[in-house]
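Student: Could we walk through this model together, one question at a time? I'd like to see how its helices, sheets and cores fit.

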Amino acid sequence: MFKKLFKKLNEDNVRASDEYDIQITDNLDETKETLDKIIAESDDVVVKEFRIAKKRRAIVYTIDGMTNMYALEQGVIRPLINFNEELPKEKNDKKFIEKIMQDTILFAEAETTESIDEAILGFMSGQSLLAIDGVRTFFIIDARQFEQRGLSEPQSEILVRGPREGFNEVLHTNVMLVRRRVRDPNFVCQFGQIGRRSKRDFALMYIKGIVDPKLVDEMRYRLSCVDTDDTEESGNIEQLVEDNVLSPFPQVLRTERPDKTVSSLMNGGVVVSLDGTPFALLAPVTLQFLFKSPEDNYDRWQIGTLVRLLRYVAAFIALFLPAIYIAMVSYHPGMIPTLLAVSIAGTREGVPFPSFIEAFAMEFTLELLREAGIRLPQPIGQTIGIVGGLVIGDAAVRAGIVSPIMIIVVALTAISSFSLPSYNVSITFRMLRFALMIIAAGFGLYGIVIGFIFITIHLSSLKSFGNYYMSPFAPIRIRDWADLFYRSPLSGQKKRPQVPNTYDDTKSNWTK
């Protein structure tokens, strides 16, 4: 069981503040008193008392809104009330317990425990507790039923061609979406809990025979080291398991798409899915993965190659264009073609601010509009983004505060940043863009080159679960270049990427 593999996680790191030092007894009154002190103070706890075969007392604890009450009544309470065999006279009769588990309780997911901690944990997860007088054992019955959001298209990863369903907030639904696509018996899904008090369920998924066991062990170890009251979202886990917390670049990829998740599993990655969030975590990740989209493989290789090249060009524009504009206008006007230099000078005539202030003000305004558009309701947000940009840009030009060429630079930069398929790397580029603008204002093109060198050094030294972030650039892996800038035809993709390390690197045996 995965819980045994996470013994340290469950016993040391994610226990409640005080362990229940209580022994289970075979006296139902004492058991009820104990449970009432621990869990029955809440008004949504439902307590149902009845008698087995109209003789022996029993009690069921459930949580309103988290339990299928009809199924619980038909599968547990009614069969016990109609129990037609003679009840044992001695207490804690093992045959009686086995009879109830095997022949009476009509639930496949039911188990027994003599641990009050395990019983309370199951109850707080939405399971039902059954206690019987004369039995020093709890019956944990999984009759959970949650209200959940239906499957819909992922909002953060929209494709023109591809599956339209995405993850939702229910862990078992997300695991089902992955398992439906991976019918390999080597597919492994192991569950655990994380968080001292919340004890949220999560799933670790991988494919034996493809994934490197060291990668799985490393992920298990890092998850076992997470020590926090609650992990509200998978982003908390992402920050706690990454290699370098000071790096602005994401070292774990998040996704709402089951097809993208399956692609990572097939390439030797591991996936962590947390209950309560639609975002799964894929590890390890390299820089090249942040520029790829599942749609690249759904279209012909010529289209995939063109779109991927456009993304790399867009990334360069989103990162360097404002800084290059500042450097060229402020320090190197002689490098600009004469006619273009005259045109820029003419548009900047009357602008009272230097190019850095001009660019910084417009980029800052754009970020405000972008943030406002995200936080507002969708119909209003779209209006704010479009109308706000047009009105402010036109008003700024008419007032002579900024030049028209600056509006073009800012607009082209914004469009380029939107073309990146990974939202978190887009944010990273936006952060670095401001840093490069400051360096360009102080040192010109020399400063931009120095900034580029520092970024390259950082990326070359960065790792994601032991894998170099800049692979296949550094270290150079020529085989992986076939799926880097150029998306090779599927018939030529016979090997899996060399990052991460895989046991079986044969992807296909295509012959023609």
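Tutor: Gladly, and here is a term to begin with: a nonpolar core is a set of buried Ala, Val, Leu, Ile, Met, Phe, Trp, Tyr and Cys residues joined through side-chain atoms within 4.5 Å. Buried means under 20% relative accessible area, exposed over 50%, and partly exposed in between, with a 1.4 Å probe and protein chains only. This is a predicted model, where local features need pLDDT of at least 70, side-chain atom pairs count only at pLDDT 80 or more, and totals for chains, interfaces and linings use all residues. Residues are numbered from 1 along each chain as its sequence is written, and side-chain values use heavy atoms, with hydrogens and water left out.

Student: Which element gives the largest share of the largest nonpolar core?

Tutor: That core has 54 residues, and V178, F187, M205, F249, L287, F429 and Y469 touch the most other members. Helices (H or I, at least four residues) and strands (E, at least two) are DSSP runs, numbered from the N terminus. With 10 residues, the largest share of this core comes from α17.

Student: Where does α17 bend?

Tutor: Helix α17 covers residues 423-461, 39 residues, yet its end C-alpha atoms are only 23 Å apart, short of the 57 Å that a straight helix would reach at 1.5 Å a residue. The expected span is 1.5 Å times one less than the number of residues. A bend is the angle between axes fitted to the seven residues ending at a position and the seven starting there. Here the bend is about 140 degrees, and its place is F443.

Student: In which order do the strands of the open sheet with β6 and β8 at its edges lie?

Tutor: Two strands pair if DSSP finds at least two bridges between them. β6 (residues 187-194) and β7 pair in the antiparallel sense over 8 bridges, while β7 and β9 (residues 270-274) do so over 4 bridges. β9 and β10 (residues 280-283) pair over 3 bridges, also antiparallel. The order of the 5 strands is β6-β7-β9-β10-β8.

Student: How many residues of β7 are buried?

Tutor: Strand β7 spans residues 200-207 and is mostly covered. Its L204 is the bridge partner of Q190, and its F202 has L274 in β9 as bridge partner. The buried count in β7 is 7 of 8 residues.

Student: Why does T261 count as buried, and what is its relative accessible area?

Tutor: T261 sits in helix α10 (residues 258-266). Contact means heavy atoms within 4.5 Å, and T261 touches F167, V178, T255, V271, A280 and L282, not counting residues up to four places away in sequence. T261 counts as buried because its relative accessible area is 0%.

Student: Which strands are at the edges of the open sheet with the order β1-β2-β4-β5-β3?

Tutor: The pairing in this sheet of 5 strands is antiparallel. β3 and β5 (residues 138-141) pair over 4 bridges, and the bridge partner of T113 in β5 is F138. Pairing on one side only, the edge strands are β1 (45-52) and β3 (110-113).

Student: At what angle does helix α4 run to β1?

Tutor: Axes are lines fitted to C-alpha atoms, for helices over the stretch in contact, and angles run from 0 to 180 degrees between N-to-C directions. Helix α3 (residues 28-38) lies across β1, β2, β4 and β5, at about 15 degrees to β2. Helix α4 (residues 69-81) lies across β1, β2, β4 and β5 too, and its angle to β1 is about 25 degrees.
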